[in-house]
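Please read these notes with the model open beside you. They take one site at a time and then turn to the chain as a whole.

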Amino acid sequence: MKKIISALGAAIIALPSFAQTAPDSAKCDTAFVFTDIISLPTTSVKDQNKSGTCWCFAGTSYFENEIRRLGGDSLDISEMFTVRKCYEDKADRYVRLYGQTNFAPGGSLLDVPYVWKRYGAVPEEVYRGLNYGEEKHVHGELDAVLAAYVKAVAAKPDKKISTAWKKGLSGVLDAYFGELPQTFEYKGRTYTPQSYAASLPIKLDDYIPLTSFSHHPFYETFAVEVPDNWLWGQYYNVPLDEFQAIVDNALKNGFTLVWAADVSEGGFKWTKGVALMPKDVDQGNMEGTELARWVKLSDKDRQSKRFDFNGPVEEMEVDQELRQTMFDNQETTDDHGMEIVGVAKDQNGNRYYKVKNSWDTNQVYDGFFYVSEPYFRAKTMNILVHRDAIPKEIAKKLKL
């Protein structure tokens, strides 16, 4: 991941890929004028605050919305129950692999269904995960402690792994998140986490992960090679135009979707509520412009100028080859998880996707922002969507 997460201090220099934390944000003037064409119902915007748990906020929001779409209640389901169970399994895998794998706060689109299917889920009011004197999630100390702990265990200072280390891990997680509920009362009924998840009107096997990269065959599955895909989860691979067609078909038919993307680009402007891929300035075609001044600019200044926009600008044309190049040279990184909930146009008729974030509502569009089609095509890592949202002709190619 390109951005350094200062909140975690010196113990963790930078969180890998899909562990984006929320930046400071404020209301901002903007010359963009967006008109929503599709804006699907969604639960309230949440705040991951100073935690690398975007993947869980995005996935939980998505399944809350799926429950509503399928006729269920509007629910607020605990993110930190899921986060905790992932920490436990990540730690187990890290130790079993002699410390030769990723152990970090980040995760993938598949982690929420992974936990719900194996361990269940609980309402937010049952397990808030705030047992350490904070009103919002602040995970710097926790993440540093956990990383140091599993590293020490995996190093085997006593030449073998003790029988106590998992109890020690649970003790740390209990201290920060609170003890896990074995049973709980909710709306007049008694549940276990497993029975509560089973009561929800969703079938987790109906949700399909997809991506679009040409270094693997299309219409087959592969494990996307990023550190936070710690489960080595398999994603269906489709050509870029079909990938975007799936998103468009989903939104048109009332399905939201989980979206993993790179948000460390200069064109990602959170406070302005927009993400663009401005076209590079062609220095060989600048007749009549202030060419001399432009040429004298440093590379850094040119990049800054390119991304200094306050309204619609001409954007790059993004095809499969350019998308692949950006991934191969790691210009495109696995930064952040969000939820796509709609479609919009700007005042010039350019098309955008409306995105729900988990960085609170103190921002120009109250926690939502707009992603241009070129940005989506270039910087999307993968998506998760209901199988019924995939066009039939594409689903047939995928043998779904």
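1. Start with the lining of the largest cavity. Helix H1 gives the largest share of this lining, with 5 residues. The model is predicted, so read every value below as computed from that prediction.

2. How much space lies in the largest cavity? The figure is about 100 Å³. In total 15 residues line the largest cavity, and those closest to its centre are Phe 57, Ser 61, Lys 356, Asn 357 and Ser 358. Two elements, helix H1 (54-69) and E10, give two or more residues each to this lining. When the whole structure is searched, 2 cavities of 30 Å³ or more are found.

3. The second largest pocket holds about 270 Å³ of space. Its lining has 13 residues, and Leu 110, Pro 113, Tyr 114, Lys 117 and Arg 118 lie nearest its centre. At least two lining residues come from each of helix H3 (111-118) and strand E4 (207-211). H3 supplies the largest share, 4 residues.

4. Next, check the length of helix H2. This helix runs over residues 79-96, which makes 18 residues. At 1.5 Å a residue the expected span is 26 Å, and because the end C-alpha atoms of H2 are 26 Å apart, the two values agree. The expected span is 1.5 Å times one less than the number of residues, which is the step to use when repeating the sum.

5. Look at the two ends of H2. At the N-terminal end, Ser 78 acts as a cap: one of its side-chain oxygens lies 3.3 Å from the backbone nitrogen of Met 80. Just after H2, Tyr 98 has a positive phi of about 60 degrees.

6. Is H2 mostly covered or mostly uncovered? It is mostly covered, as 16 of the 18 residues in H2 are buried.

7. Arg 84 is part of helix H2. Its relative accessibility is 3%, so Arg 84 counts as buried, the cut-off for buried being under 20%. The side chain of Arg 84 makes a polar contact of 3.3 Å with the side chain of Tyr 127. Setting aside neighbours within four places in sequence, the residues in contact with Arg 84 are Tyr 127, Ser 170, Leu 173, Asp 174, Phe 177, Gly 178, Glu 179 and Leu 180.

8. Thr 332 offers a case outside helices and strands. Where is Thr 332 placed? It sits in the loop between helix H10 (320-328) and strand E10 (336-345). Thr 332 has a relative accessible area of 4% and is therefore buried. A polar contact of 2.8 Å links its side chain to that of Lys 379.

9. Now take the chain as a whole. The chain contains 12 helices and 13 strands. Of its 400 residues, 55% are buried. The exposed area of the chain is about 17,900 Å², and 48% of that area is supplied by carbon and sulfur atoms.

10. A last point concerns contacts along the chain. Among the contacts with a separation of 6 or more, 78% are between residues 24 or more positions apart. For one residue to look at in this connection, return to Arg 84, whose contacts include Ser 170 and Leu 180.

Definitions and conventions: Residues numbered from 1 in each chain as written. Predicted model: local features only at pLDDT ≥ 70, side-chain atom pairs only at ≥ 80, totals over all residues. Heavy atoms only, no water. Buried < 20%, exposed > 50% of the residue type's maximum accessible area, 1.4 Å probe, protein only. Polar contact = N/O pair within 3.5 Å; in protein donor to acceptor, adjacent residues only side chain to side chain. Contact = heavy atoms within 4.5 Å. Areas by Shrake-Rupley, 256 points an atom, 1.4 Å probe, with all protein chains shown as cover. 1 Å grid on protein atoms, 1.4 Å probe; cavity = no way out; pocket = protein on both sides within 12 Å on 5 of 7 lines; lining within 4 Å. Points joined across faces, edges and corners; volume = space filled by probe spheres on them.
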